[in-house]
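Please find below a short note on the structure, arranged as numbered points. The remarks concern the nonpolar core and selected residues.

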Amino acid sequence: MLTLRQADSNPARGSGRLSFDLPRAADVRLRLFDVRGREARTLFSGHRKAGSHHLAWSTEGLPAGLYLAQLSLDSGERATLKVVIERAEAGPWVAGALSLA
């Protein structure tokens, strides 16, 4: 079953982590949309094996507010999760920093 979940506290401040489980290998896109449905950022796009995956991402450059994280597979399957971003205190985050484990 395709699942998408928050891997750490929500709201995100400065950085966030999302986790997802894939029932089979697939081409994956994980995008962040604002409340008006506009794509705010692509967090990941590429091929992943079946299993559990974790994604760390930076909130740098994104206004505080409510967002929807959408995980979509090449088969058309989708999973969506509400994400709240709060204004971060000054910190060591790098704009656009992304890591996938």
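1. The model under discussion is predicted. The points below should be read with that in mind.

2. The largest nonpolar core holds 22 residues, and Leu4, Leu18, Leu30 and Trp57 touch the most other members. Two or more residues of this core come from each of strand 3 (15-22), strand 4 (26-34), strand 5 (39-48), strand 6, strand 7 and strand 8 (78-86). As a general tendency, nonpolar side chains are buried together in soluble globular proteins.

3. Which residues does Leu30 touch, leaving aside those up to four places away in sequence? The contacts of Leu30 are Leu4, Leu18, Phe20, Thr42, Leu43, Phe44, Leu55, Gln70 and Leu71. Two of these contacts, Leu4 and Leu18, are named with Leu30 among the core residues that touch the most other members.

4. Leu73 belongs to strand 7, which spans residues 65-73. Is Leu73 buried or exposed? Its relative accessible area is 7%, under the 20% cut-off, and therefore Leu73 counts as buried.

5. Beyond residues up to four places away in sequence, Leu73 touches Leu2, Leu22, Ala26, Asp27 and Val28. One of these partners, Leu22, is 51 residues from Leu73 in sequence, while their C-alpha atoms are 9.1 Å apart in space.

6. Ser58 lies in strand 6, which covers residues 51-58. With a relative accessible area of 3%, Ser58 is buried. A polar atom of the Ser58 side chain is 3.0 Å from the backbone nitrogen of Glu60.

Conventions
Residues numbered from 1 in each chain as written. Predicted model: local features only at pLDDT ≥ 70, side-chain atom pairs only at ≥ 80, totals over all residues. Heavy atoms only, no water. Helix = DSSP H or I, 4+ residues; strand = E, 2+ residues; numbered from the N terminus. Buried < 20%, exposed > 50% of the residue type's maximum accessible area, 1.4 Å probe, protein only. Contact = heavy atoms within 4.5 Å. Polar contact = N/O pair within 3.5 Å; in protein donor to acceptor, adjacent residues only side chain to side chain. Core = buried A, V, L, I, M, F, W, Y, C linked by side-chain atoms within 4.5 Å.
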